[in-house]
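Me: I've got a model open with a ligand in it, and I'd like to know what the labels on it rest on. Can we go through them one by one?

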Amino acid sequence: MAQPIVITGFMGCGKSIVARALAQHLNVIFVDLDESITARTGRTPAQLITEDGEHAFRRIETDTLREVLQAGEAGVIALGGGAWIEAANRELINQYGCSSVWLDVPFEVCWSRIETAGEDRPLGRTKDQAAALYERRRPVYQLATIHVPLLGHEELDDVISVIKPRITRTNADQKEHF
Ligand code: S3P
């Protein structure tokens, strides 16, 4: 596969699960950006945000994304929920000719997963905070190449079969709507 595919969307939309399965189907390497950040810094994104602030975390996130893209091994990359929101990251993604897939899952579904995951998400600690962020980010997620609206209860295989034929390997600027 020439160009990697990045999977974006709000916290709890299922990016990592879908990206891992897609990579398996395409027989390419899966990279989880949050895990790469943890491997690189020895701290989770949640720890970095809490201890050093979001701004410092975003710098590390961009550096890690650049490294992952430069390494050229990743076939499918699961971004953290805020990575796509940063213009510098979208530029990088575009520069490397990646297709971007937005998993558009209703807020209530994302929130119930955030609540039950037991994972610290410092930018989504309260429902009000998460809901405001969700609304604010939607127009930016919309800039992704491929829009995949989901109800949130689809089978993983069905999600993959929606995404697979839509992946454009040649023209990252091409805008598609589902
Ligand atoms: C963030 C989402 C998290 C993680 C960090 C910031 C965000 O990833 O990168 O806590 O800004 O939405 P997930 O989307 O995998 O929860």
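Reply: Sure. Bear in mind that this is a predicted model. A good place to begin is Lys15, where a side-chain N or O atom is 2.7 Å from an oxygen atom of the ligand.

Me: What makes that Lys15 pair a polar contact?

Reply: The cut-off for a pair of N or O atoms is 3.5 Å. At 2.7 Å, the Lys15 pair falls within 3.5 Å, so it counts. Arg137 also has a side-chain N or O atom 2.7 Å from a ligand oxygen.

Me: And why does Gly82 get a polar contact with the ligand?

Reply: Here a polar backbone atom of Gly82 does the job, 3.3 Å from an oxygen atom of the ligand. That is within the 3.5 Å limit, so the pair counts. As for cover, the protein buries 94% of the 380 Å² that the ligand exposes when taken alone.

Me: Which pocket does the ligand take up?

Reply: The largest pocket. That pocket holds about 920 Å³ of space, and 41 residues line it, with Gly12, Lys15, Ser16, Glu119 and Arg121 nearest its centre. Helix 1 (15-26) and helix 2 (33-41) are among the elements giving two or more residues to the lining.

Me: How do you know which residues are around the ligand?

Reply: A residue needs a heavy atom within 4 Å of the ligand. There are 13 around it, and Lys15, Arg58, Gly81, Arg121 and Arg137 come nearest. By class, that shell has 5 nonpolar, 3 polar and 5 charged residues.

Conventions
Residues are numbered from 1 along each chain as its sequence is written. This is a predicted model: local features need pLDDT of at least 70, side-chain atom pairs count only at pLDDT 80 or more; totals for chains, interfaces and linings use all residues. Side-chain values use heavy atoms; hydrogens and water are left out. A polar contact is a pair of N or O atoms within 3.5 Å; within protein, one must be able to donate a hydrogen and the other to accept it, and residues adjacent in sequence count only if both atoms are side-chain atoms. Accessible areas come from the Shrake-Rupley method with a 1.4 Å probe; for residues, only the protein chains shown count as cover. On a 1 Å grid over the protein atoms alone, a cavity is a set of points where a 1.4 Å probe fits but cannot get out, and a pocket is an open set with protein on both sides within 12 Å along at least five of seven lines; lining residues have an atom within 4 Å of a point. A molecule sits in a cavity or pocket if more than half of its atoms lie within 2 Å of its grid points. Ala, Val, Leu, Ile, Met, Phe, Trp, Tyr, Cys and Pro count as nonpolar, Asp, Glu, Lys and Arg as charged, and the others, Gly among them, as polar. Grid points are joined across faces, edges and corners, and a volume is the space filled by probe spheres set on the points. Helices (H or I, at least four residues) and strands (E, at least two) are DSSP runs, numbered from the N terminus.
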